[in-house]
Amino acid sequence: MRIVLDVESCTGHGRCYALAPAVFAPDDMGHCEVVTPEPTSEQEELARAAVATCPEDALGIEE
């Protein structure tokens, strides 16, 4: 599993880093940064939930 981010689509709602702070973090503007693009098996469930709740569909998963 690999997390991909469309930086142009992210508007900074922050749901991703609220749900999975070990995988996502805010940048200086509050937009998403992927800090762990290949989450561990322990992080995977929260990472998937964060991707699913992104209101702009800025996040995706490559299997």
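Arg 48 and Glu 44 join their side chains in a salt bridge, with N and O 3.2 Å apart; the term stands for a side-chain nitrogen of Lys or Arg within 4 Å of a carboxyl oxygen of Asp or Glu. This is a predicted model, in which local features need pLDDT of at least 70 and side-chain atom pairs count only at pLDDT 80 or more, while totals for chains, interfaces and linings use all residues. Residues are numbered from 1 along each chain as its sequence is written, and side-chain values use heavy atoms, with hydrogens and water left out. Here is a tour of the structure, starting with the overall fold.

**Fold and overall dimensions**

- The protein contains two helices and four strands, where helices (H or I, at least four residues) and strands (E, at least two) are DSSP runs numbered from the N terminus.
- Following the sequence from its start, you meet these elements in the pattern β-α-β-β-α-β.
- The radius of gyration is 10 Å, which agrees with the value near 11 Å for a compact globule of 63 residues; it is taken over C-alpha atoms, and the globule rule is 2.2 Å times the number of residues to the power 0.38.
- The C-alpha trace spans about 30 × 20 × 15 Å along its principal axes.
- Of the contacts between residues at least 6 apart in sequence, 57% join residues at least 24 apart; a contact here means heavy atoms within 4.5 Å.

**Surface and burial**

- About 3900 Å² of the protein is exposed, and carbon and sulfur atoms supply 50% of that area; accessible areas come from the Shrake-Rupley method with a 1.4 Å probe, and for residues only the protein chains shown count as cover.
- Buried residues account for 30% of the 63 residues; buried means under 20% relative accessible area, exposed means over 50%, and partly exposed is in between (1.4 Å probe, protein chains only).

**Salt bridges**

- The structure has three salt bridges.
- Arg 48 and Glu 44 are both in helix 2, four residues apart, which is about one turn of the helix.
- Arg 48 is partly exposed at 30% relative accessible area, and Glu 44 is also partly exposed, at 27%.
- Arg 48 has a salt bridge to Glu 63 as well, where the closest N and O atoms are 2.7 Å apart. Glu 63 sits in the segment after strand 4 (59-62) and Arg 48 in helix 2, so this pair ties together parts 15 residues apart in sequence.
- Glu 63 is exposed, with 70% relative accessibility.
- Taken together, Glu 44, Arg 48 and Glu 63 are linked in a network of salt bridges.
- Glu 38 and Arg 2 form a salt bridge through their side chains (3.0 Å, N to O). Glu 38 belongs to the loop between strand 3 (32-34) and helix 2 (41-52), and Arg 2 to strand 1 (residues 2-5), so the pair ties together parts 36 residues apart in sequence.
- In this pair, Glu 38 is exposed at 51% relative accessibility, whereas Arg 2 is partly exposed at 35%.

**Nonpolar core**

- In soluble globular proteins, nonpolar side chains tend to be buried together.
- The largest nonpolar core here has 13 residues, and those with the most contacts inside it are Ile 3, Cys 16, Val 23, Phe 24, Cys 32 and Leu 59. Helix 2 gives the most to this core, with three residues.
- Such a core is a set of buried Ala, Val, Leu, Ile, Met, Phe, Trp, Tyr and Cys residues joined through side-chain atoms within 4.5 Å.
- Beyond its neighbours within four places in sequence, Val 23 is in contact with residues including Ile 3, Val 34, Pro 39 and Ala 47.

**Individual residues to look at**

- Gln 43 is part of helix 2, and its side chain reaches the backbone nitrogen of Thr 40 at 2.9 Å.
- Leaving out residues up to four places away in sequence, Gln 43 touches Ala 22, Val 23 and Thr 36.
- Leu 5 is in strand 1 and is partly exposed, with a relative accessible area of 25%.
- Not counting residues up to four places away in sequence, the residues that Leu 5 touches include Cys 10, Cys 32, Ala 58 and Leu 59.
- Asp 57 lies in the loop between helix 2 and strand 4 and is exposed, at 62% relative accessible area.
- The phi angle of Asp 57 is near 55 degrees, a positive value in a residue other than glycine.

How values were computed. Polar contact = N/O pair within 3.5 Å; in protein donor to acceptor, adjacent residues only side chain to side chain.
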